[in-house]
Amino acid sequence: MVDPTTGKPGETLPIIGEISYSNMMQENFYVMCLTDGYSPRLLDDFGYDAMLIIHNMPRFTIRIEKAMRLQRPKMLMGGNNVHYYDPYRVQPHSLTPFYAKNFRYAYQREYRLVWHQPGLPLDSEPLWLEIGSISDIASICVLRD
């Protein structure tokens, strides 16, 4: 503690636990989570035995964006790598809500496509996009035991 009169250090406060900080957006957004590199742990983490390998990300993104524009023309789309932060050394003002994640997940090497529209309520329904065949720009890899 600092003495408010003198500005000099005073009594030391004992540590009684961790300090937590949280900040919540008051609006909703849609997100598509991808990875920019394979890690065997990913499939186990999410309970899957297959993955979609996108060979042409720019074309995939264009197709997704066009499909979204047909359903929700006012949605703003963005895409970026996730920024992984150390929760014990975080600067809260440096966190970008769409792209921030605890560094314990850094092995996921996540890339996110995000759609946001001011005023989108928190109870919005899931959204399903149809983009047709992507066999020219992607392939499926199924792991077998």
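**Exercise 1. Find where Arg109 sits, and decide whether this residue is buried, partly exposed or exposed.**

Step 1: Look at the loop between β5 and β6 in this predicted model, and you will find Arg109 there.
Step 2: Check the backbone. Arg109 is not a glycine, yet its phi is positive, at about 45°.
Step 3: Now take the accessibility. Arg109 has a relative accessible area of 43%, so the residue counts as partly exposed, given that this class runs between 20% and 50%.

**Exercise 2. Move on to Glu110: place this residue, classify its accessibility and list its contacts.**

Step 1: Glu110 belongs to strand β6.
Step 2: Its relative accessible area is 5%. The cut-off for buried is under 20%, so Glu110 is buried.
Step 3: Look for a side-chain partner. The side chain of Glu110 makes a polar contact of 2.6 Å with that of Arg112.
Step 4: Set aside neighbours within four places in sequence. What remains in contact with Glu110 is Cys33, Leu34, Thr35, Asn81, Val82, Tyr84 and Lys101.

**Exercise 3. Describe the largest pocket: its space, its lining and the elements that supply it.**

Step 1: Start with the volume, which is about 840 Å³.
Step 2: Turn to the walls. The lining has 21 residues, and those nearest the centre of the pocket are Cys33, Leu34, Thr35, Met51 and Leu52. Cys33, Leu34 and Thr35 should look familiar, as they are among the contacts of Glu110.
Step 3: Assign the lining to elements. At least two residues each come from β1, α1 (40–46), β2 (50–54) and β6. The biggest contribution is that of β2, with five residues.
Step 4: Sort the lining by character: 15 residues are nonpolar, three are polar and three are charged.

**Exercise 4. Work out which residues touch the most other members of the largest nonpolar core, and which elements build that core.**

Step 1: The core has 13 residues, and Tyr30, Met75 and Trp115 touch the most other members.
Step 2: Two or more residues come from each of β1 (29–35), α2 (57–71) and β6 (110–116). Of these, α2 gives the largest share, three residues.
Step 3: Zoom in on Met75. Beyond its neighbours within four places in sequence, Met75 is in contact with Tyr30, Met68, Trp115, His116, Gln117 and Leu120.
Step 4: Put this in context: nonpolar side chains tend to be buried together in soluble globular proteins.

**Exercise 5. Asn28 shares some contacts with Met75; find them, and say whether Asn28 is buried or exposed.**

Step 1: Asn28 is in the segment before β1.
Step 2: The relative accessibility of Asn28 is 18%, which means that this residue counts as buried.
Step 3: Past its neighbours within four places in sequence, Asn28 is in contact with His116, Leu120, Pro121, Leu122, Asp123 and Ser124. His116 and Leu120 also appear in the list for Met75.

**Exercise 6. Compare two loop residues, Ser94 and Gly132, by place and accessibility.**

Step 1: Ser94 is in the loop between β4 (83–85) and β5 (100–102), while Gly132 is in the loop between β6 and β7 (138–142).
Step 2: Ser94 is partly exposed at 42% relative accessible area; Gly132, at 59%, is exposed.
Step 3: Follow the side chain of Ser94, which reaches the backbone oxygen of Gln91 at 2.6 Å.
Step 4: Finish with C-alpha distances. Ser94 and Tyr84 are 10 residues apart in sequence and 11 Å apart in space. Gly132 and Met1 are 131 residues apart in sequence and 63 Å apart in space.

Terms used
Residues are numbered from 1 along each chain as its sequence is written. This is a predicted model: local features need pLDDT of at least 70, side-chain atom pairs count only at pLDDT 80 or more; totals for chains, interfaces and linings use all residues. Side-chain values use heavy atoms; hydrogens and water are left out. A nonpolar core is a set of buried Ala, Val, Leu, Ile, Met, Phe, Trp, Tyr and Cys residues joined through side-chain atoms within 4.5 Å. Buried means under 20% relative accessible area, exposed over 50%, partly exposed in between (1.4 Å probe, protein chains only). Helices (H or I, at least four residues) and strands (E, at least two) are DSSP runs, numbered from the N terminus. Contact means heavy atoms within 4.5 Å. A polar contact is a pair of N or O atoms within 3.5 Å; within protein, one must be able to donate a hydrogen and the other to accept it, and residues adjacent in sequence count only if both atoms are side-chain atoms. On a 1 Å grid over the protein atoms alone, a cavity is a set of points where a 1.4 Å probe fits but cannot get out, and a pocket is an open set with protein on both sides within 12 Å along at least five of seven lines; lining residues have an atom within 4 Å of a point. Grid points are joined across faces, edges and corners, and a volume is the space filled by probe spheres set on the points. Ala, Val, Leu, Ile, Met, Phe, Trp, Tyr, Cys and Pro count as nonpolar, Asp, Glu, Lys and Arg as charged, and the others, Gly among them, as polar.
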